[in-house]
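Ready for a few short exercises? Keep the viewer open and try each task before reading its solution.

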Amino acid sequence: MSGRTLHGLWPWAGMAVFSLLLAACSSPREPVQSAQPSQPAEPVKPTSVARPIPPSGPDPDGAPAGRVDVTHVANAVPRPEPRARYGNPARYTVMGQTYHVLDTAEGYAERGLASWYGTKFHGRRTSSGEIYDMYQMTAAHKTLPLPSYARVTHLQTGQSIVVRINDRGPFHEGRIIDLSYVAAKRLGMMQAGTAPVEVVAIVPTEAPLQAEAPGLIRPVEAPPVEVRPGARLYLQVGAFTRRERAEALRQDLAQHLEREVVVTQGGSHDQPVYRVRLGPLADTTEADALTRRVGPLGIISPHLVME
């Protein structure tokens, strides 16, 4: 099953409201065929805000005919890439919900449901302008920069994959990432259609990371947050490489929440990072309450920090 995925997002049309539905799907059990991953497609200029539904009506999404062998499909290999020309507005609105696109993937980590999309969008444009290939290890995400890389871990099995994020979505409530068909099959979630996952962004260095063997199992470590005596607590809601974008989010949140929002500077002299934080907070209970409040404002992945 898949969530709603935004295709062909123009950077100047980020505030347009639209709805895109994907139907439930299942994989037929026919003779096995091998996946043949192709090279990433050249970017194509989007011609509309969202991929239009065919005039004949909504065609069902699903898996390709036959059973596809994905055992030899390698993880995406993180490498430095420039931001895509399309799909990276400062903010955009879908179905009445405004989302703030992160300026950097640094420090991003989130847990929630993963879904997937397949044949219905195969060969069509993604939000970044690239062509969607369901045999590539790719994914759609609401707020990470395009392109980005992330490790996705199945929280019930420990199975882990690495994907390249080049599309927007899913916009189905409760889902945080939309995987390509091959990525979903590698993660072992085809039968259920969705899976509880942890998504952790990977910020590539100049030296490309080595692709990991298919089937890699990694334990999921999620120790409880222990507050140090005397530590100040903050809820971090965004990180940007440009101060003006951090200040814009700070002002927006301060107006809606009527509480203190601060911008702190980190990173290096050559590559500063401006972090937007709420606080200081009294305790983790207040942090949980604020997390629920900022969700409707388009803040998808806030996390607790201590100083």
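The exercises below go from the whole chain to single residues.

This is a predicted model: local features need pLDDT of at least 70, side-chain atom pairs count only at pLDDT 80 or more, and totals for chains, interfaces and linings use all residues. Residues are numbered from 1 along each chain as its sequence is written, and side-chain values use heavy atoms, with hydrogens and water left out.

**Exercise 1. Take stock of the protein: how many helices and strands does the protein have?**

Solution.
- Step 1: Count the DSSP runs, numbered from the N terminus (helices are H or I, at least four residues; strands are E, at least two). The protein has three helices and 14 strands.
- Step 2: Turn to burial (buried is under 20% relative accessible area, exposed over 50%, partly exposed in between; 1.4 Å probe, protein chains only). Of the 307 residues, 50% are buried.
- Step 3: Look at contacts, meaning heavy atoms within 4.5 Å. Among those between residues at least 6 apart in sequence, 79% join residues at least 24 apart.

**Exercise 2. Trace the barrel: in which order do its six strands close?**

Solution.
- Step 1: The order is E5-E9-E6-E8-E7-E10, with mixed pairing; strands pair if DSSP finds at least two bridges between them.
- Step 2: From one strand to the next, the twist averages 45° (axes are lines fitted to C-alpha atoms, and angles run from 0 to 180 degrees between N-to-C directions).
- Step 3: Zoom in on E6 and E9 (residues 175-180), which run antiparallel and are joined by two bridges. Here Ala-139 stands opposite Leu-179 in E9.

**Exercise 3. Work out the two faces of helix H3: which of its residues are buried?**

Solution.
- Step 1: In H3 (residues 284-294), the buried residues are Ala-287, Leu-290 and Val-294.
- Step 2: These residues lie on the same side of H3 because they cover an arc of only 65° around the axis, taken from the directions from the helix axis to the C-beta atoms.
- Step 3: The buried residues pack against strand E11 (233-240), helix H2 (243-257), strand E13 (272-281) and strand E14 (303-306).
- Step 4: On the face turned away from the buried side are the exposed residues Thr-285 and Arg-292.

**Exercise 4. Find Glu-130: is Glu-130 buried or exposed?**

Solution.
- Step 1: Go to the loop between strand E5 (109-117) and strand E6 (138-140), where Glu-130 is found.
- Step 2: With a relative accessible area of 12%, Glu-130 is buried.
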